Amino acid sequence: TPAADAPRLGRDDFADLPNGREMGMIKDAVAVLGLPNPFFRAHEGRAGAETTIGDRRVLNFSSYDYLGLNGDPRVAEAAKAAIDRYGVSPSASRLVSGERPVHAALERDLAALYGTEACLTFVSGHATNVTVIGNLLGARDLILHDAAIHNSCVEGARLSGARRIAFPHNDAEAAERELAAARARHGRALVLIEGHYSMDGDVPDLARFVALARKYDAWLMVDEAHSLGVLGARGHGIAEAQGVDPADVDIWMGTLSKTLSACGGYICGRAGLIQYLQYAAPGFVYSVGMAPALAAAAREALAIMRAEPERVARLNANARLFLTLAREAGFDTGLSEGHAIVPVILGSSVAATRLSASLFEAGMNVQPIVFPAVPEKSARLRFFLGAEHTEAQIRTAVAMLAATRGRAR
Ligand code: PMP
């Protein structure tokens, strides 16, 4: 029963919805500054290294099409052929009549990439983390996650009802202290990290987390949303980059929306885990199957990634060049290791929003990341580099940043 003093709210009371405070802060910040809203800007065509917004052609650093495959005609052809064959929607949950051969084919390809027994795909990456984490653990269990972990993992952890502990970003020693103190009081334990952090562009020491999970008999789950196609000489992800056996990670999670230029999420792991999810993860069982065109597109993108590793090398060279130039120009690029994600930290939401607006005026689309998505003192612009960017575009971007920064204060 609600508290006696809880005010009764009517159908038009939206202001103090659970996340209303966050919406208010972002919208008010823009309104107070009198700046054009940087959010929901519509792109008139494909957003590649350049994009058209309204009637302006601008440089683009706000899309995570890391290997440039969203514009690849082979990917588009695969999607179109799937539509011609299967229609747009599978029109049912896969469990009950939504299954198409392309679903299993994509899952075989992803399982082969990680060398795991099995794989399952879901309609969204965010939904994957929520439904998988939310239903693998329960109230008696323990979830230990990096403080910078993606929102979808936090939501999943909350849904599970497990005890949730965040350890300081990338600090395996702190994670061990927490596990040592809490492990014995819980049934199952899950250690949750990303392969490449989406806000900071840095990478964990995977072997240390593998050892930790082993020592405390915990599952290790790695979210590869931003590491597939980015890390490792062939883009196979953090295990390839760091010479770790992928079999040492219990649960590989990834999205189809970045390198694989589609929409959806995947889990790769042991057969028993995948079978449980197939029959018992509500976000899979009670959701429509993935659109066959998206599964076909992701499959083709994965095949191109494997056949053309030079794209991965180009992406990394581009990101390193951007990072080097931005540092030389005196910008604070935080923890970025120069793989694909480079923040330019400005220290206040107002400064980040102002600089984004000035850069848009000057001909560049880069989004501000403001409080509460990151702490206020680390409000930033976040640059996504891609294989498609040219050296000239990268040099122009840093020159524009340097020329515009005075206006941000
Ligand atoms: N995990 C991480 C680390 C992410 O950054 C994101 C979103 N960008 C997701 C999961 C969710 O994936 P999707 O956007 O494909 O739903």
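The exercises below, each with a worked solution, concern a predicted model.

**Exercise 1. State how confident the predictor is in the protein and in the complex.**

Solution. Begin with the residues: the mean pLDDT of the protein is 95, and 96% of its residues reach 70 or more. Then turn to the complex, for which the predictor gives an ipTM of 0.99 and a pTM of 0.96.

**Exercise 2. Determine whether the span of helix α3 agrees or disagrees with the span expected from its number of residues.**

Solution. Step one is to count: helix α3 covers residues 101-114, which is 14 residues. Step two is to apply 1.5 Å a residue, taken over one less than the number of residues; the expected span is therefore 20 Å. Step three is the comparison: the end C-alpha atoms of α3 are 21 Å apart, which agrees with the expected span. Just after the helix, G115 takes a positive phi of about 70°.

**Exercise 3. Identify the buried residues of α3 and the elements against which they pack.**

Solution. The buried residues of α3 are V102, H103, L106, E107, L110, A111, L113 and Y114. Their packing partners include two helices, α2 (73-86) and α11 (292-307). The strands β3 (118-122), β8 (251-255) and β9 (265-269) are also packed against by these residues.

**Exercise 4. Classify V344 as buried or exposed, and describe its surroundings.**

Solution. First, locate the residue: V344 belongs to strand β10, residues 341-345. Second, apply the cut-off, by which 20 or more other C-beta atoms within 10 Å make a residue buried. V344 has 23 such atoms and is therefore buried. Third, list its contacts: leaving aside residues up to four places away in sequence, V344 touches A326, F331, T333, R380, L381, F383 and L401. A303, by contrast, is 41 residues from V344 in sequence and 33 Å from it in space, C-alpha to C-alpha.

**Exercise 5. Work out the strand order of the sheet that contains β10, and find what packs on it.**

Solution. Strands of a sheet pair through backbone hydrogen bonds, either parallel or antiparallel. Here the sheet is open, has 3 strands in the order β10-β13-β12, and shows antiparallel pairing. Its edge strands are β10 and β12 (367-369), each of which pairs on one side only. On average, neighbouring strands of this sheet are turned by 35° against each other, direction ignored. Next, examine one pair: β12 and β13 (residues 380-384) run antiparallel and are joined by 3 bridges. Within this pair, I369 stands opposite R380 of β13. Finally, helix α13 (residues 349-362) packs on the sheet and touches β12 and β13; the direction of α13 makes about 175° with that of β12.

**Exercise 6. Find the cis peptide bond in the loop between β12 and β13.**

Solution. P372 lies in the loop between β12 and β13. The bond that joins F371 and P372 is cis, with omega about 10°.

**Exercise 7. For F40 and S97, give the phi value, the location and the exposure.**

Solution. Consider F40 first. Its phi is near 65°, a positive value in a residue other than glycine. F40 is placed in the loop between α1 (20-33) and β1 (50-53). Because F40 has 5 C-beta neighbours inside 10 Å, it counts as exposed.

Now consider S97. This residue is not a glycine, yet S97 has a positive phi of about 85°. S97 is found in the loop between α2 and α3. With 10 other C-beta atoms within 10 Å, S97 is exposed.

How values were computed: Residues are numbered from 1 along each chain as its sequence is written. This is a predicted model: local features need pLDDT of at least 70, side-chain atom pairs count only at pLDDT 80 or more; totals for chains, interfaces and linings use all residues. Helices (H or I, at least four residues) and strands (E, at least two) are DSSP runs, numbered from the N terminus. A residue is buried if 20 or more other C-beta atoms lie within 10 Å of its own, exposed if 12 or fewer, and partly exposed in between; C-beta atoms are placed from the backbone. Two residues are in contact if their C-beta atoms, placed from the backbone, lie within 7 Å. pLDDT is the predictor's confidence in each residue, from 0 to 100. Two strands pair if DSSP finds at least two bridges between them. Axes are lines fitted to C-alpha atoms, for helices over the stretch in contact, and angles run from 0 to 180 degrees between N-to-C directions.
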